[in-house]
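Me: I'm new to this one and don't want the grand tour straight away. Please pick a single spot, look at it closely, and then work outwards from there.

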Amino acid sequence: MIKRIVFALPVIGMLWSCGTKEKEQLRAQVDSLRTELQMSQQTAATLDEVGALIDSIDASRQLLRTDVVEGTSYKDYKSRLQGINRHIKETEAKIAELEKTVKTSKNASAGYNATIKRLKNDLEVSTQQIASLQQEVEKMRGENQQLASTVSQRDSTIAQHEGVIKMREQDVANLENKVIEINAQANKTQADMYYAQAAALETAAARTKFAPKKKKETQREALELYKLSLSLGKTEAQAKIDELEKVVG
């Protein structure tokens, strides 16, 4: 485009002395060339902008994928993905605008069409890579949710088992307490029985008048029974033991 303008300048000098009609035609050509130059510059700037957007989209995708692998929140991932998708829509709109501009331009070069086609292909590749990343993340999220559900079920099962274990432990504790209670009652009954037998022997010994040896043997038996009664918790037997030990010697 610039070459055409440079080429046209000598023509302007040569025809400057021409008539009004020729001058008007020349001005129209110059204006047309200026318009084409402005359009060319604008198109080139837009192409650069689109290329920068595509590079930014690809860099953002790679960074997001790295963060997903290393660990990031799903909320952060969704927010950044929305930003990337907005850039994709913006880039698509600019490419469509470029295609429209090139189609309406009479002197658009084949290079523009090739560049636009390459940019569209690059954007399509980036879009497919973003879609692939989305599928990968959703698969990972589904697996994590399934794992969390499995862990939750296991925790619930463990909690139920722990509840059963606690109930059984309580049953065992109750049974142990019952056994202790029964043993205590049995000891008390046995102690009372020994105490009663000792008292009976002591009474029998007291009634023995003419057999001192037999009396002492009976008192010793009573003493041993009182000691057994005391060993089983019958504290009243202590006084009886003290009395008989003085008598028996």
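Reply: Let's start at Lys234. Leaving aside residues up to four places away in sequence, Lys234 touches Ala191, Asp192, Tyr195 and Ser229; a contact here means heavy atoms within 4.5 Å. Before going on, a word on what you're looking at: this is a predicted model, where local features need pLDDT of at least 70, side-chain atom pairs count only at pLDDT 80 or more, and totals for chains, interfaces and linings use all residues. Residues are numbered from 1 along each chain as its sequence is written, and side-chain values use heavy atoms, with hydrogens and water left out.

So where does Lys234 sit? Its place is the loop between α5 and α6. Helices are DSSP runs of H or I with at least four residues, strands are runs of E with at least two, and both are numbered from the N terminus. Lys234 counts as buried, at 18% relative accessibility. The labels work like this: buried is under 20% relative accessible area, exposed is over 50%, and partly exposed is in between, using a 1.4 Å probe and protein chains only.

One of those neighbours deserves a second look. The side chains of Lys234 and Asp192 meet in a salt bridge, 2.9 Å from N to O. Asp192 is in helix α4 while Lys234 is in the loop before α6 (237-248), so the pair ties together parts that are 42 residues apart in sequence. Asp192 itself is partly exposed, at 28% relative accessibility. For the record, a salt bridge is a side-chain nitrogen of Lys or Arg within 4 Å of a carboxyl oxygen of Asp or Glu.

How many of these turn up in the whole structure? A search finds 8 salt bridges. Another one joins the side chains of Lys120 and Glu99, at 3.0 Å from N to O. That pair links distant parts of the chain too, with Lys120 in helix α4 and Glu99 in helix α3, 21 residues apart. Lys120 is partly exposed, with a relative accessible area of 39%, and Glu99 is also partly exposed, at 26%.

Then there's a bridge within one helix: the side chains of Asp76 and Arg80 meet at 3.2 Å, N to O. Both lie in helix α3, 4 residues apart, or about one turn of the helix. Asp76 has a relative accessible area of 29% and Arg80 has 24%, so each counts as partly exposed.

Next to Arg80 in the numbering is Leu81, which is also found in helix α3. Leu81 is buried, with a relative accessible area of 3%. Not counting residues up to four places away in sequence, Leu81 touches Leu64, Ile130 and Gln134. Leu81 and Leu133 are 52 residues apart in sequence and 9.8 Å apart in space, C-alpha to C-alpha.

Helices α3 and α4 come up again at the largest pocket. Here a pocket is an open set of points on a 1 Å grid over the protein atoms alone, where a 1.4 Å probe fits and there is protein on both sides within 12 Å along at least five of seven lines; lining residues have an atom within 4 Å of a point. The largest pocket is lined by Val68, Gly71, Thr72, Ser73, Tyr74, Tyr77, Val137, Met140, Arg141 and Asn144. The elements giving two or more residues to that lining are α3 (74-104) and α4 (110-207), and α4 gives the most, with 4 residues.

Zooming out, the protein chain has 6 helices and 0 strands. Buried residues make up 22% of its 249 residues. Among contacts between residues at least 6 apart in sequence, 70% join residues at least 24 apart.

How far can you trust all this? The chain averages a pLDDT of 76, and 81% of the residues score at least 70; pLDDT is the predictor's confidence in each residue, from 0 to 100. Among the elements, helix α5 (residues 212-231) has the highest mean, 87, and helix α1 (residues 2-14) the lowest, 45. Over residues 1-9, pLDDT stays under 50, and the model has 10 contacts for them beyond four places in sequence. Where pLDDT is low, the predicted coordinates should not be read in detail.
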